[in-house]
Amino acid sequence: MKRRFNKIAISLLSASLVMGFALKPSEVFADSGPYISFGEDLTADQKQAVLELMGIEDFDEDLYTVNYVSNKEEHEYLDDYLPTSKIGSKALSSVLVEDADTGSGITVTTKNINYCTSGMYANALATAGVDDVDVIVAAPFEISGTAALIGAAKAYSDMEGEEVDEDLIDGAIDEMVTTGEIEEDLTEDEASSLEVVIADLKSKIASGEISSDELEDAIRNTASEYDLELTDEQVAKIKSLLDKLSGLNLDVGSIASQAESLADQVGEVLNDAAGNSGGFFGAIADFFKGILSFFGF
């Protein structure tokens, strides 16, 4: 990457480090307040609209750790992966990040984001080493939201009080973009399944369960488990991404937790769909069986 995230001085953290104590990210964050990263080009009215979407009516900046992401930063991180038209010329997407209970994983809600899904953000943040946070990504009107990942990563950098691994951020951006490209050719349900597949495979890579030589078969087999049919080109894109991620210092716990969470969500959706489908179509089937039986078939 072309630059590093700047540290924000947190006095409590600094004092604790001098004394030799190692604080957990959640302990640091609890004293620094929720974190908001605003797009630098928001007008006053747009900023207010974003805050309302985040559920913040009376914004007191002293109660938050606030930072801004510029369009220049967006291009520095995203130009290698996205066309300029997708990134745009103004930084507008904003992010609210709040500490969550240990073991709760990553929860993402999007407002006016039409390209990046909640699952895409959560997966990418897990790759960056983020865990146990509640995130709201919001914009004053519908935009792609690709730059919001930068704001969320900067938030977590401040939460930890140290620089985030540049390679992990690069891998997270690559993952988000690759996932988005593939999802453009998928249905909504297929896209959700894809996000679970990638999370599952990342977990297996991070834990050393599968090697690079086994990746292609693992991708196809895992996709099959979720009734997801992938083209050879899509498999190749996923393999290229996972090959890259396999060389990074991934946080096994964060990634495994995210994979489990996504699998549970998709499983509930599929079960609900199967239950509704079974009830409706089952009734139709019984109806026609009755007709056929009446006529002696």
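In this predicted model, strand 1 (35–39) and helix 7 (148–160) each contribute at least two residues to the lining of the largest cavity. That cavity is described below, followed by the sheet to which strand 1 belongs and by the packing of helix 8 against helix 9.

**The cavity**

- A search of the whole structure finds 1 cavity of 30 Å³ or more, and the volume of the largest cavity is about 30 Å³.
- The residues that line the largest cavity are S37, G39, V69, E74, S93, A147, A148 and G151, and when they are sorted by class the lining holds 3 nonpolar, 4 polar and 1 charged residues.

**The sheet**

- Five strands form an open sheet in the order 2-1-3-5-4, and the pairing within this sheet is mixed.
- Strand 2 (65–69) and strand 4 (106–113) occupy the edges of the sheet, where each has a single partner strand, so one side of each is left without a neighbour in the sheet.
- Averaged over the sheet and with direction ignored, neighbouring strands are turned by 15 degrees against each other.

**Strand pairing around strand 3**

- Strand 1 and strand 3 run antiparallel and are joined by 3 bridges, with I36 standing opposite L96 in strand 3.
- Strand 3 (residues 94–99) is also joined to strand 5 (residues 133–143), in this case by 6 bridges, and these two strands likewise run antiparallel.
- L96, which stands opposite I36, also has I136 of strand 5 opposite it, while D99 stands opposite V133 in strand 5.

**A helix across the sheet**

- Helix 6 (residues 118–127) lies across strand 4 and strand 5, and the direction in which helix 6 runs makes an angle of about 135 degrees with strand 4.

**Helix 8 and helix 9**

- Helix 8 (residues 166–183) packs with helix 9 (residues 188–206) at an angle of about 145 degrees, the axes of the two helices being 10 Å apart, and the crossing of this pair is right-handed.
- On the side of helix 8 the contact is made by E175, T179, I182 and E183, which meet A191, L194, E195, I198 and K202 in helix 9.
- Sorted by class, the contact of helix 8 with helix 9 comprises 4 nonpolar, 1 polar and 4 charged residues.

How values were computed: Residues numbered from 1 in each chain as written. Predicted model: local features only at pLDDT ≥ 70, side-chain atom pairs only at ≥ 80, totals over all residues. Heavy atoms only, no water. 1 Å grid on protein atoms, 1.4 Å probe; cavity = no way out; pocket = protein on both sides within 12 Å on 5 of 7 lines; lining within 4 Å. Points joined across faces, edges and corners; volume = space filled by probe spheres on them. Helix = DSSP H or I, 4+ residues; strand = E, 2+ residues; numbered from the N terminus. Nonpolar A, V, L, I, M, F, W, Y, C, P; charged D, E, K, R; others polar. Axes fitted to C-alpha atoms, helices over the stretch in contact; angles between N-to-C directions. Left-handed = near helix turned anticlockwise from the far one by under 90°. Contact = heavy atoms within 4.5 Å. Pairing = 2+ DSSP bridges.
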